[in-house]
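Reader: Hello! Could you take me through one helix pair in this structure, with the cut-offs spelled out as you go?

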Amino acid sequence: MRPMLMSTALRIVGDRTEAEDLVQDALLRLWQLRDEPILNVEAMGRVVVRHLAYDAVRRRHEQIAIEEVDLMDESPSEGLDDEGEQMMVFVRQLSTLQQAVLRLRHEEDMEMKDIAELVGSTEMMVRQSLSRARRKILEQYRQIRTEI
């Protein structure tokens, strides 16, 4: 069973030494469950090692508070025209999460999954926040354009 567990762990964590440690932990946990009625020990072993591996990967990615993400500068940006300045005002009116997601995606060019890990959310929630932020900015822009 060890080679099968090793293959599973290695595929997830990508490091042989870490995978060996995870397999050892998984086997220890299975040993502790030896008195429990488990129908398929191999399947249970895969589940245990997979959960341990995902936890290890999650621990690798440092999560930071949204408040610590360097958001848009509050001072007027140099080199922007009046329209650009107005857009910056719209961005500053967004929620902290929306500002962070917008900045990380468009200025830092980060992938959705990386943003999700960074802000401690799911990829779907990041996509939703980004979509809402863009929609809100577009609505405000259209409103200003119709007033002109």
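Author: Happy to; what follows is a close look at the pair α5 and α6.

This is a predicted model, in which local features need pLDDT of at least 70 and side-chain atom pairs count only at pLDDT 80 or more, while totals for chains, interfaces and linings use all residues. Residues are numbered from 1 along each chain as its sequence is written, and side-chain values use heavy atoms, with hydrogens and water left out.

Two packed helices are described by the angle between their axes and the distance between the axes. Here, helix α5 covers residues 96–106 and helix α6 covers residues 112–119; helices are DSSP runs (H or I, at least four residues), numbered from the N terminus. Their axes come within 10 Å and cross at roughly 140°. Such axes are lines fitted to C-alpha atoms over the stretch in contact, with angles running from 0 to 180 degrees between N-to-C directions. The two helices are therefore oblique to each other, the class left over once angles under 35 degrees count as roughly parallel, over 145 as roughly antiparallel and 65 to 115 as roughly perpendicular.

The crossing of α5 and α6 is right-handed, a label used if the near helix is turned clockwise from the far one by less than a right angle.

As for side-by-side residues, α5 brings L97, V101, L104 and R105 to meet M112, I115, L118 and V119 of α6, where contact means heavy atoms within 4.5 Å. Of the residues in this contact, 7 are nonpolar, none is polar and 1 is charged (nonpolar: Ala, Val, Leu, Ile, Met, Phe, Trp, Tyr, Cys and Pro; charged: Asp, Glu, Lys and Arg; polar: the others, Gly among them).
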